[in-house]
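I opened this notebook page to record what I looked up about pockets and charged side-chain contacts. The entries follow the order in which I went through them.

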Amino acid sequence: MVVLYYVDPSSGRKFRSKKKVLYYLETGTPQPKRKKGTETPVEKVDWLFSSNASADSWTPFLGDDQVQVPESTTQDWSATFTSLTACQTD
């Protein structure tokens with residue numbers, strides 16, 4: 001197995017990704033580590049309403065590129081929304 005990495009000659013610090021190397025070269029500090037399970041929040045969600053004979057539905061799309069949200073995430077959001085709105089009506 002071959003492991004490729006960049007070693008900074010002055011500090012001896014090792015990097016395994018080009019992204020981390022570039023960050024280090026531009027800032028002079030290593031890239032901060034992210035906590036597991038944290039995600040970058042979505043800046044924009046557009047909802048498309050569609051109505052047909054059997055049911056009405058809302059479909060979410062992310063960002064300016066209008067990427068459709070995976071069905072599993074849509075179901076999670078729907079369950080959360082339903083439980084939140086049910087609490088408000090009680």
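Entry one. Which residues line the second largest pocket? I worked on a predicted model, and there I found the second largest pocket lined by Trp 47, Trp 58, Thr 74, Trp 77, Ser 78, Phe 81 and Thr 82. I noted a volume of about 230 Å³ for this second largest pocket, and I saw that helix H2, residues 71-89, gives the most to its lining, with 5 residues. Sorting that lining by class, I counted 4 nonpolar and 3 polar residues, with no charged residues.

Entry two. I then turned to the largest pocket, for which I wrote down a volume of about 350 Å³. Its lining is made up of Arg 13, Lys 14, Phe 15, Arg 16, Ser 17, Lys 19, Lys 20, Pro 30, Gln 31, Pro 32, Lys 33 and Arg 34, and I noted that strand S2 (14-15) and helix H1 (18-27) each supply at least two residues of it. By class, the lining of the largest pocket divides into 7 charged, 3 nonpolar and 2 polar residues.

Entry three. How many salt bridges does the count come to? I obtained 1 salt bridge, in which the side chains of Lys 44 and Asp 46 meet at 3.8 Å, N to O. That distance counts because the rule asks for a side-chain nitrogen of Lys or Arg within 4 Å of a carboxyl oxygen of Asp or Glu. I also looked up the exposure of both partners: Lys 44 is partly exposed at 34% relative accessibility, and Asp 46 is likewise partly exposed, with a relative accessible area of 27%.

How values were computed: Residues are numbered from 1 along each chain as its sequence is written. This is a predicted model: local features need pLDDT of at least 70, side-chain atom pairs count only at pLDDT 80 or more; totals for chains, interfaces and linings use all residues. Side-chain values use heavy atoms; hydrogens and water are left out. On a 1 Å grid over the protein atoms alone, a cavity is a set of points where a 1.4 Å probe fits but cannot get out, and a pocket is an open set with protein on both sides within 12 Å along at least five of seven lines; lining residues have an atom within 4 Å of a point. Grid points are joined across faces, edges and corners, and a volume is the space filled by probe spheres set on the points. Helices (H or I, at least four residues) and strands (E, at least two) are DSSP runs, numbered from the N terminus. Ala, Val, Leu, Ile, Met, Phe, Trp, Tyr, Cys and Pro count as nonpolar, Asp, Glu, Lys and Arg as charged, and the others, Gly among them, as polar. Buried means under 20% relative accessible area, exposed over 50%, partly exposed in between (1.4 Å probe, protein chains only).
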